[in-house]
Amino acid sequence: MENVKGYVEHIIYRNNENGYTVMNMVSGQEEIICVGMFRTIDQGETLQIDGNYVEHPVYGRQLKVESYQIAAPDDVISMERYLGSGAIKGIGEALAARIVKMFGEDTFRIIEEEPELLAEIKGISERKAREIAVQMEEKKDMREAMVFLQKYGISGALAMKIYNTYGMSVYGVLRENPYKLAEDISGVGFKIADEIANKIGIHTDSDYRIRSAVLYVLLQSSAEGHVYLPEDILLRRASELLEVEEPAIEPQIANLAMDKKVVIKMPRPEEDKGRKIYAASYYYEELNCAKMIHDLNVSISPEDGLLPSEENNINDRIRAIEKEQGIELDELQRKAVLESVKNGLLILTGGPGTGKTTTINTIIRYYAGENLDIFLAAPTGRAAKRMTETTGYEARTIHRLLELSGAVLEENKRAKFEKNEENPLEADVIIVDEMSMVDIHLFQSLLKAIMPGTRLIMAGDINQLPSVGPGQILKDLIDSRCIPVVMLQKIFRQAEESDIVVNAHAINRGKQIELNNKSKDFFFLERNDVGVIYKHMIQLICEKLPPYVGASAYDIQVLTPMRKGSLGVEILNGILQEYLNPPDKSKEEYEAGEGVYRVGDKVMQIKNNYQLEWEVVSKYNIPIDRGMGVFNGDIGIIKEINDYAQEIIVEYDEHKRVTYPFHQLDEIELAYAVTIHKSQGSEYPAVIMPLLTGPKMLFNRNLLYTGVTRAKNCVTILGSRQTVNEMIANENQNKRYTSLCERIEELSSL
Ligand SMILES: Nc1ncnc2c1ncn2[C@@H]1O[C@H](COP(=O)(O)OP(=O)(O)OP(=O)(O)O)[C@@H](O)[C@H]1O
């Protein structure tokens, strides 16, 4: 058996499900290909490996890993990693390697005390050497902390995030309770914190560890959309994570409740599940929303309702608007307008083509005729843009409506808005579209900024996938039966006009649809071979669809259920990038992780970042508008890659340019293909969906419905007829544990 120490230079392949990894390790002067099972490892980490060399028939000599430990890196390696991490502007990985090769253990001393010697290295002028020395001096504290963190196997970019969060208190946090990292820093989960704790010597059943795991499980479950977890599920998940028996965990849940970190609620009599456990902030968010909804939900009571003459008046006005617009509303649509006048709150819901937009337009015109101030908003930039186009009135994102301040709230690191309970929106009527995408956090912020007396009208389609964030607001509001709802039923868009609409409704009702190539806007191509699907997809995007739908290849969107697998986002993006934006000498590139970014690539921001700055520049490069906030699902194009400044510039809708330092690239990914979940609220001229096989939990009716309704002019499904039919039949929507409905009902029954 061989024992080798080295650092992970490059992960060539990794199966995240079972941990099987192929990687390139550097040990002294030697490069070794290692294969084996690894839990979590990162490039740059130092490992001590036991294993045997084997000769692979194709790949040659490899070290087959039997066991391994993460080891403290040699100082020289830590220094090289630090220099190459992006911490010092002007030094990338290649230059860092050259510097450390030349000066070895003396590297930092030379940079600090004799920086002029750096100029002997190719690529470093005397001026650059001086700049590096100044930066090194300025960042001395940070550097020491980074080297300290890297001794615990924490890679460069993450170490920087940790340092930026804690500053010099990082040493204390790590020694006393490394599990705090999992609470405070995105990118650090319980598992990484646990590995660090393990190295420091914190015991497996320590209270800190169990409590951290319970909070971590609740937080993780919020990423699945839950606001709380039933106690049995929480205990099971925590026990699996900790490898500790459930009885040892239970008392810590009670302790967390005493500390007000979690809230425990009893089930309602009709429920068969046990107690409900909430992360405290989530419980109060729902409770606050319920209270605010309750305050806004004023209506003209039936006893002192409108006089017949008043109601006639309203109806006359609605009719006048219909005439003006050259339409005749159906009964439900008219009822929606009337209800919006009679109530402080209204929910308007219905499937595609049922006339929601037409109704909203009438409501807008009604209030505009009364000279009232109307604000329109939607959860995403794309949805807001669409609302502007269909209503002719300016619609903003909810974030913009609430005036995102760029700061984050201390207590929960969420967006801080200028508009809130102290500085509410000065509107008479607020109409929000695509409510199915609003999560509990955004809903709370929105409600805080609305005074009783302002009308709130919420429109959306409950059959769309629920929001990415926790909660299922629209569904809970409707289920509470405490708020006026108008559910539009009739499909106005005619069958000969759009099979997309007709099929979407059929899917929603669980009815099979015609899967063939005969429609004008809904195509199905039975293809059961992945390679053939790739080929057709490329042909459709590059040749056939652009002229057919009158859009560019860039606007044609591939939507897929999964991230992993041969038809998952990751592999599809690699393939589509090769065809749609192939390598070219004139296009700068940057290798990040397992892929490459290239100028011209279509990319997507994958999380909300309220502090990311954007600017719009004139053609002479002079900034003409500036702001903050780039959001989950925003799609843009890479305009520049600057190796020297170590940054990428992405241009989003409305020419908003955002600069990402290389170490922040974990916030974007290629977007030639995106998951159906991420596509919510967006509409594309044409959608291509490869649907071959996948897990039953995921491949359900809701997902297919959401994918199909993203397309404006054309849907093409490539794949298996059986899979599509099974999806339509599969009602199995993942259950979300939320309780806004319950909180509203409680308040209404008081
Ligand atoms: N009362 C009506 N009489 C005749 N046509 C109508 C009526 N209401 C809506 N329509 C027409 O039906 C089509 C769909 O309506 P609309 O766009 O308002 O629906 P929607 O629910 O907003 O659809 P989507 O969510 O798919 O955008 C439009 O062409 C619209 O002009």
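**Entry 1: around helix α17**

I began at Gly392, which takes a positive phi of about 80° just after helix α17. Helices here (H or I, at least four residues) and strands (E, at least two) are DSSP runs, numbered from the N terminus. A note to self on the source: this is a predicted model, where local features need pLDDT of at least 70 and side-chain atom pairs count only at pLDDT 80 or more, while totals for chains, interfaces and linings use all residues. Numbering starts from 1 along each chain as its sequence is written.

Helix α17 covers residues 381-391, and I listed its buried residues as Gly381, Arg382, Ala383, Ala384, Arg386 and Met387. Buried means that 20 or more other C-beta atoms lie within 10 Å of a residue's own; exposed means 12 or fewer, partly exposed is in between, and C-beta atoms are placed from the backbone. I then looked up what covers them, and found that the cover includes β10 (374-378) and β11 (395-397).

**Entry 2: the chain as a whole**

I counted 26 helices and 30 strands in the chain. Its radius of gyration is 28 Å, close to the 27 Å that the globule rule gives for 750 residues, so the chain is as compact as a globular protein of that length. For the record, this radius is taken over C-alpha atoms, and the rule is 2.2 Å times the number of residues to the power 0.38. The C-alpha trace spans about 90 × 65 × 55 Å along its principal axes. I also noted that 41% of the 750 residues count as buried.

**Entry 3: the cores**

Next I looked for nonpolar cores, meaning sets of buried Ala, Val, Leu, Ile, Met, Phe, Trp, Tyr and Cys residues joined through C-beta atoms within 7 Å. The largest has 119 residues, and Ala193, Val214, Ala377, Ile430, Ile431 and Ile457 have the most contacts inside it. Helix α10 (residues 207-223) supplies the largest share of this core, with seven residues. Apart from it lies another core of 62 residues, including Leu465, Phe522, Leu576 and Val650.

What does Val214 touch, leaving aside its neighbours within four places in sequence? I found Leu234, Ala238, Ile249, Gln252, Ile253 and Leu256 in contact with Val214, contact being C-beta atoms, placed from the backbone, within 7 Å.

**Entry 4: the ligand**

I found 15 residues around the ligand, the closest being Pro352, Gly355, Thr357, Thr358 and Phe492. A residue is near if its C-beta atom, placed from the backbone, lies within 6 Å. Helix α16 (residues 356-369) gives the most to this shell, three residues.

**Entry 5: strand β26 and its hairpin**

Strand β26 (residues 656-661) has two faces: Lys656, Val658 and Tyr660 are covered, whereas Arg657, Thr659 and Pro661 are uncovered. Strand β25 (residues 647-652) pairs with β26 in the antiparallel sense over six bridges, where pairing takes at least two DSSP bridges between the strands. Within this pair, I matched Ile648 to Tyr660 as bridge partners. On β22 (residues 609-617), the pairing with β26 is also antiparallel, over two bridges, and Glu615 stands opposite Arg657.

Three residues separate β25 and β26 in their hairpin. One residue of the turn, Glu654, has a positive phi of about 60° although it is not a glycine. Is Glu654 buried or exposed? I marked Glu654 as exposed because it has 10 C-beta neighbours inside 10 Å.

Conventions:
Contact = placed C-beta atoms within 7 Å.
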